[in-house]
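User: Please take a close look at one part of this model. I want the charged pairs first, then whatever surrounds them in your account.

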Amino acid sequence: MSLLMKINSNGEPVFEQVFNLAPNAIALAGIDGKIGKVNEAFTQTLGYSQQMAAEMTLEQLVLPEDLQSFRTCLEEAHLQNERNHELEIRCISNNGSLIWKAIKFSLVRDGNGDPHYFILHLTTISPPKGKEQKLEGIDHWYDLIFKNARDIITLVNPDGTIEYLSPSICDLLGYDPEELVGKNSNELNHPEDMAMLQSVILSDQPTLTYRARHKNGTYVWLETATKLIHDAEGRLQKILGIGRDVTERKTYQDSLAEAQHIAALGSWEIDFLEEKIAFSEEFYRIYQISKSDLPSDPTALVILVHPEDRGQFQTFINQAKQLRQGPTSLEFRNLQSDGTVKYMQIRVSVLFDEEGKPIKMSGTTQDITERKKAELNLQESVERYTSLKKYNHDAVISLDVKGTIINTNDMAAKLTGFSISEMRGENISKFIGEQNVARILSGVIEDVTAERHINAIKHKDGAEIEVLATIAPIIINKKNVGYYVIAKDMTEQKTLLIAKEAAEKTNKAKSEFLAMMSHEIRTPMNGVIGMTDLLLHTTELDEEQKEYVQIIHKSGNTLITIINDILDFSKIEAGKTVLQQQAMDIRDCISETRDILFAKAQEKNLSIDISVSPKIPYTLIGDYDRIKQILLNLLSNAIKFTYNGGVSIVVENGMSECKRRQLQFTIKDTGIGIPKEKLEHLFNPFYQLDSFMTRKSEGTGLGLAISKKLVGLMDGDIWVEHTDELGATFVCTIWLKEHEQAAALTPFSIGEDMIKQRPLNILIAEDNEINQITLRKMIEKMGHNTSIAENGNQVIRALAYESYDIIFMDIRMPELSGLEATKQIKANMPPEKTPFIIAVTANALMGDREKCLEAGMDDYISKPIKSGILFEMIEKYERKLLHMRG
């Protein structure tokens with residue numbers, strides 16, 4: 001039973017009134033000396049409230065110097081039966097002052113005579129000694145405190161001069177007080193702390209933490225409580241300081257701060273009663289903010305959370321505050337001022353009062369950005385792998401080092417007929433055989449041939465599916481922990497491969513057939529056109545004979561044009577057309593095109609106008625012959641369908657980029673025009689505009705289709721511009737490379753008299769008798785000497801006995817072909833004695849020209865050969881011969 005309960009049990013209301021209204025201080029205390037209750041007079045004289053006194057003992061009221069006499073008096077009260085005892089002692093009031101009290105106390109005993117409690121009456125009295133004795137007592141008391149205190153007690157003037165130091169300075173800093181008294185206290189302070197100390201020392205800040213120099217040169221962390229002492233007029237007189245060594249605590253705090261820095265861990269604490277929040281230094285560093293950036297209330301935490309995560313964050317905090325069994329940690333994002341995102345993890349601990357209300361919340365915030373990024377990268381890798389396996393068109397099977405299937409995908413289930421769950425745990429030997437498994441497990445990392453033996457996988461129904469397999473090791477932490485078997489079902493691919501091979505054989509047969517047909521048609525046509533050419537230009541014919549020969553000549557040319565169109569279109573469709581890159585002047589190409597068609601235009605009394613932009617360079621790189629072919633197709637069509645007026649060709653300079661230049665050709669006529677509804681069919685192969693006209697003209701209907709394909713090969717386009725004017729307007733664009741040297745090629749400046757200085761010695765290598773005659777007649781009409789060789793061997797023998805300037809070499813000849821003969825000539829004859837070799841062939845397919853040039857031939861013409869072309873070829877090399885001979 002407590003003391004108060006004991007007293008209250010007496011139940012005397014008179015006692016209670018006397019106790020409360022007594023003018024002297026009264027205290028009730030237990031036998032152990034603990035104060036149980038005090039009256040109002042006690043509180044007024046000593047300054048201790050009822051609550052404060054209830055937490056004290058009687059000895060805490062007594063000055064230490066008077067304790068011994070006080071304890072003696074208490075012991076005597078226990079031993080003697082006298083109720084009243086008196087004593088004069090000094091009591092310590094709540095404000096620290098000393099008050100002399102005459103204490104009368106009685107020991108109340110119970111019915112058995114056992115001590116029950118003490119009643120103390122405290123009366124204030126004058127000091128029993130003189131003033132000097134009182135001062136001596138106070139000085140003695142202070143002296144005891146100063147000498148025995150473990151803390152450093154200092155008294156410093158406002159200018160920093162030390163007036164007093166307690167002896168404890170020796171234990172803490174190694175100095176005797178006499179060594180420092182009279183010196184400036186700043187001499188002991190760490191230089192880095194000087195600015196802080198000077199700014200706050202006079203601001204009445206109660207506690208300072210700083211470093212002081214030990215006598216041995218090291219520094220000790222001190223925490224000093226300061227008190228500014230002013231005089232009656234408020235002027236600062238002294239600065240009292242009581243400091244203690246906190247080096248160990250500071251070291252711990254620094255270590256904790258360093259650990260938080262290393263772990264990117266900041267701490268904080270919310271006081272819900274005060275509605276305040278405090279953060280560690282590391283917290284500010286993690287968020288890269290200053291202290292002024294945050295408010296001091298709990299909303300500061302939410303401000304730091306990414307807007308998209310604030311709802312989840314607030315829910316987490318509310319759950320923690322309501323003592324719910326929610327998570328104690330949460331991950332969220334922080335949006336930095338530069339727009340970057342950091343990932344944070346918060347952990348909390350909440351302190352609740354007895355009613356379950358939150359009082360404080362302590363927490364840590366850790367920067368987990370690097371870990372989170374690693375997790376996201378890992379998750380991305382896993383998802384990529386999962387997607388690769390799930391959506392792979394091949395079967396993917398993962399094995400352990402014993403060949404047991406760990407996992408697989410849907411394609412593997414489809415390939416084997418077993419579900420994924422049925423395959424898990426099975427040995428892969430069930431599907432590929434034990435021998436193949438042994439090869440894989442024996443060391444697939446070094447032996448890549450193991451996968452070559454896996455060419456089939458067994459299906460659930462017993463069938464074997466042909467596959468193409470790949471084996472890959474699974475390496476984790478530099479250790480092989482299993483294998484991937486990736487199997488591609490080759491059933492469809494094999495069918496496609498067979499079809500591809502069949503198509504290639506068919507295409508090859510088609511090419512060989514076209515080559516053969518070209519040769520077989522061109523060879524006799526060479527005789528027809530060549531002979532009619534000779535008849536028209538070298539013999540005297542009457543008008544009727546001349547008309548008949550012209551019909552034959554025209555029909556032959558028409559047939560050759562049809563053959564050329566079909567062969568060209570076949571080559572383009574097969575993707576075997578290769579553009580030749582050579583220096584050229586587009587003006588020459590246009591002029592030559594006009595010259596070829598000039599006779600047809602003149603027959604219909606049509607004009608041909610040409611306009612070329614002066615901005616177009618004189619030398620560009622492109623395929624001269626293919627550009628001429630495009631222009632011939634467009635210009636011949638324009639002439640064909642124009643009966644009055646004329647045709648114009650306008651060439652304009654287009655864009656220029658990456659050392660390439662675009663040219664735009666516009667071919668306009670005044671003919672019958674093209675219906676608007678028929679324009680979309682115009683560039684289709686085998687499509688003739690005549691089918692919409694009242695007349696029918698010759699041709700295959702391939703000219704515009706070929707032109708469109710060729711323009712496409714030159715990265716250009718071709719179209720028809722519909723206008724209300726008479727006639728049709730075709731526009732096409734092509735890209736040509738720019739020549740590094742702007743100047744055009746300069747032809748040999750050799751006079752006509754020099755060309756005709758002497759006849760050339762020309763060898764005709766041709767096995768067809770008609771072509772022999774045709775070529776010989778044409779060449780001899782030009783004034784040159786000819787010889788005949790019917791095969792390659794005869795060519796080589798002829799060169800052994802005779803010197804020739806030019807050889808017209810047929811490609812296909814018996815015994816030794818023209819290509820083989822050319823190779824032997826180039827290999828065995830000195831360059832200066834080797835004649836120019838010009839290929840003559842009835843072939844006109846892709847690769848013929850290249851094969852001839854690779855064999856060493858100098859040029860190439862195809863049958864049928866016209867006298868004009870033959871003349872130009874001989875003149876070309878005659879000029880070269882004169883240039884070489886000087």
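User: Is Asp-717 buried, partly exposed or exposed?

Analyst: Asp-717 is partly exposed, because its relative accessible area is 38%, and the buried class ends at 20% while the exposed class starts over 50%. Keep in mind that this is a predicted model.

Asp-717 has a charged partner. Lys-708 forms a salt bridge with Asp-717. The closest N and O atoms of the two are 3.9 Å apart. The cut-off for such a contact is 4 Å, so the pair counts. Lys-708 is partly exposed too, with a relative accessibility of 36%.

Another pair is made by Lys-826 and Asp-858. Their side chains meet in a salt bridge, at 3.7 Å from N to O. This pair links distant parts of the chain, 32 residues apart. Lys-826 sits in helix H27, which covers residues 818–828. Asp-858 is in the loop between helix H28 (848–855) and strand E32 (859–862). Lys-826 has a relative accessible area of 33%, so it is classed as partly exposed. Asp-858 is partly exposed as well, at 30%.

Some charges are joined in a network. Salt bridges that share partners connect Glu-331, Arg-371, Lys-372 and Glu-375. The whole structure holds 33 salt bridges.

One of them pairs Glu-281 with Lys-291. Here the closest N and O atoms are 2.8 Å apart. The partners are ten residues apart and link distant parts of the chain. Glu-281 belongs to helix H11 (residues 281–287). Lys-291 lies in the loop between H11 and helix H12 (299–303). Both Glu-281 and Lys-291 are exposed.

The loop between H11 and H12 also contains Pro-295. Pro-295 is partly exposed, because its relative accessible area is 28%. Pro-295 and Lys-276 are 19 residues apart in sequence. In space, their C-alpha atoms are 9.1 Å apart.

Now charges in a patch. Asp-542, Glu-543, Glu-544 and Glu-547 form a negative surface patch. Members of a patch have no salt bridge. Glu-544 is placed in helix H20, residues 543–573. Its relative accessibility is 48%, so Glu-544 counts as partly exposed.

For contrast, turn to a strand. Strand E4 spans residues 98–109. Nine of its twelve residues are buried, so E4 is largely enclosed by the rest of the structure.

E4 pairs with strand E3 (residues 84–92). The two run antiparallel and are joined by nine bridges. One contact can be named: the bridge partner of Asn-84 is Ser-106 in E4. The hairpin of E3 and E4 has five residues between the strands. In this hairpin, Gly-96 takes a positive phi near 90°.

E4 also pairs with strand E5 (residues 115–124). Again the strands run antiparallel, and nine bridges join them. Val-108 stands opposite Tyr-117 in E5. The hairpin of E4 and E5 has five residues between the strands. There, Gly-113 takes a positive phi near 85°.

To recap, Asp-717 is partly exposed at 38%, and Lys-708 is its salt-bridge partner. Strand E4, by comparison, has nine of twelve residues buried.

How values were computed
Residues are numbered from 1 along each chain as its sequence is written. This is a predicted model: local features need pLDDT of at least 70, side-chain atom pairs count only at pLDDT 80 or more; totals for chains, interfaces and linings use all residues. Side-chain values use heavy atoms; hydrogens and water are left out. Buried means under 20% relative accessible area, exposed over 50%, partly exposed in between (1.4 Å probe, protein chains only). Helices (H or I, at least four residues) and strands (E, at least two) are DSSP runs, numbered from the N terminus. Two strands pair if DSSP finds at least two bridges between them. Patches are made of residues with over 30% relative accessible area and no salt bridge: like charges are joined within 9 Å, nonpolar side chains (Val, Leu, Ile, Met, Phe, Trp, Tyr) within 5 Å. Accessible areas come from the Shrake-Rupley method with a 1.4 Å probe; for residues, only the protein chains shown count as cover. Lys and Arg count as positive and Asp and Glu as negative; His and the chain ends are not counted. The place of a charge is taken as NZ of Lys, CZ of Arg, CG of Asp or CD of Glu.
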